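Open the model in your viewer and keep the selection panel handy. We will go from stop to stop, and at each one you will hear what to select and what is there.

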Amino acid sequence: MPRDESPEGDPYTLAMRTASHWQTGSMVDETAEILRERIVEGRLASQEPLTQRRVAEDLSVSRAVAGEALRMLHREGLVDSAAGAMRVAAADGAPLLSAYVVREVLDGSAARLAARHAGPGTQRRCQEALDGHRAAIDSGDRLRSMRADISFHGSLVDGSGNPVLRSHWLLVRFTTRSAMLLTPAQLSGSIEEHEAILDAVSRDEPEQAERAARAHVRTTIDALLQVQRPHD
């Protein structure tokens with residue numbers, strides 16, 4: 001099977017977007033995606049109120065669409081509900097850990113498939129994301145670090161050539177909010193883990209790529225557990 005060449009551009013960079021940029025998908029999905037990106041990127045702060053009216057007016061959608069989008073994000077753990085009011089969920093707790101359990105499977109599969117099918121374009125995009133991630137960590141820019149992390153893993157998912165895997169990975173992309181909880185040392189350690197994944201993908205070693213990707217996710221889970229333990 002020929003190895004695919006990844007497209008130019010970076011759809012995983014969390015630039016602000018509007019509903020008009022989507023060509024497919026329902027208005028609810030589009031509205032939820034805009035809110036999801038703003039939450040992950042930190043444009044909507046933890047515990048910030050999110051009312052149907054505010055979302056509807058801000059994104060020019062109906063209140064019914066806004067309400068269903070908020071309920072979708074509530075199911076994902078990105079939005080909390082207390083006393084009938086919706087707020088951006090804190091970037092901690094069980095939702096992140098639960099999603100990372102799923103990410104271990106998804107990221108492992110993406111890395112394995114990318115090692116089999118991805119071409120030089122995927123490898124180039126991964127390397128560019130790695131370079132950006134390293135620079136962000138060196139400068140203490142956590143937001144840029146989050147963007148680079150999403151770009152790296154998103155490039156592997158694209159390189160897998162599996163659209164079903166990609167659609168599922170997008171639903172747990174919010175786990176990159178963990179960058180706001182981890183120490184600089186823990187974030188720096190992720191660079192070496194990413195390098196190990198990319199090395200295996202570049203060498204066409206699918207089993208090693210999957211092991212490296214799964215190990216990377218487990219390390220993040222352990223780090224999050226250490227962050228949470230003092231509060232138990």
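## First stop: a pocket

About 260 Å³ of space lies in the second largest pocket. A pocket here is an open set of points, on a 1 Å grid over the protein atoms alone, where a 1.4 Å probe fits, with protein on both sides within 12 Å along at least five of seven lines. Grid points are joined across faces, edges and corners, and the volume is the space filled by probe spheres set on the points. Select L182, L187, S190, H216 and T220: of the 21 lining residues, these are the closest to the pocket's centre. A lining residue has an atom within 4 Å of a point. Now color α4, α6 (142–160), α8 (184–202) and α9 (206–228), the elements that each give two or more residues to this lining. Helices are DSSP runs of H or I with at least four residues, strands are E runs of at least two, and both are numbered from the N terminus.

How many residues of each class are in the lining of the second largest pocket? Seven are nonpolar, eleven polar and three charged. In this scheme Ala, Val, Leu, Ile, Met, Phe, Trp, Tyr, Cys and Pro count as nonpolar, Asp, Glu, Lys and Arg as charged, and the others, Gly among them, as polar.

A word on what you are viewing: this is a predicted model, in which local features need pLDDT of at least 70 and side-chain atom pairs count only at pLDDT 80 or more, while totals for chains, interfaces and linings use all residues. Residues are numbered from 1 along each chain as its sequence is written, and side-chain values use heavy atoms, with hydrogens and water left out.

## Zoom out: the whole chain

Show the cartoon and follow the chain from the N terminus: the elements run α-α-α-β-β-α-α-α-α-α-α, with nine helices and two strands in the protein chain. Of its 232 residues, 48% count as buried; buried means under 20% relative accessible area, exposed over 50% and partly exposed in between, with a 1.4 Å probe and protein chains only. Among contacts (heavy atoms within 4.5 Å) between residues at least 6 apart in sequence, 74% join residues at least 24 apart.

## Into the core

Next, select L50, F152 and I197, the residues with the most contacts inside the largest nonpolar core, which has 61 residues. Helix α4 (residues 94–117) gives the largest share of this core, ten residues. Such a core is a set of buried Ala, Val, Leu, Ile, Met, Phe, Trp, Tyr and Cys residues joined through side-chain atoms within 4.5 Å. Center on F152: not counting residues up to four places away in sequence, F152 touches C126, A129, L130, H194, I197 and L198.

Stay with L130 and add I191, in helix α8. Beyond its neighbours within four places in sequence, I191 is in contact with L130, H133, R134 and I137. I191 counts as buried because its relative accessibility is 7%. Draw a C-alpha to C-alpha distance from I191 to R134 and you should get 6.8 Å, although the two are 57 residues apart in sequence.

## Two arginines

Pick R173, in the loop between α7 (163–171) and α8. Is R173 buried or exposed? R173 counts as buried, because its relative accessibility is 2%. Show the side chains of R173 and E33, which are joined by a polar contact of 2.5 Å. A polar contact is a pair of N or O atoms within 3.5 Å; within protein, one must be able to donate a hydrogen and the other to accept it, and residues adjacent in sequence count only if both atoms are side-chain atoms.

Move to R87 in strand β2 (residues 85–88), which is partly exposed at 36% relative accessibility. A polar atom of the R87 side chain lies 3.1 Å from the backbone oxygen of Q47. The C-alpha atoms of R87 and L50 are 5.3 Å apart, with their positions 37 residues apart in sequence.

## Last stop: two loops

Most residues other than glycine have a negative phi. Select S60, in the loop between α2 (52–59) and α3 (63–76): its phi is positive, near 60 degrees. S60 is exposed, with a relative accessible area of 67%. Finish at D204, in the loop between α8 and α9, where phi is also positive and near 60 degrees. D204 counts as partly exposed, at 42% relative accessibility.
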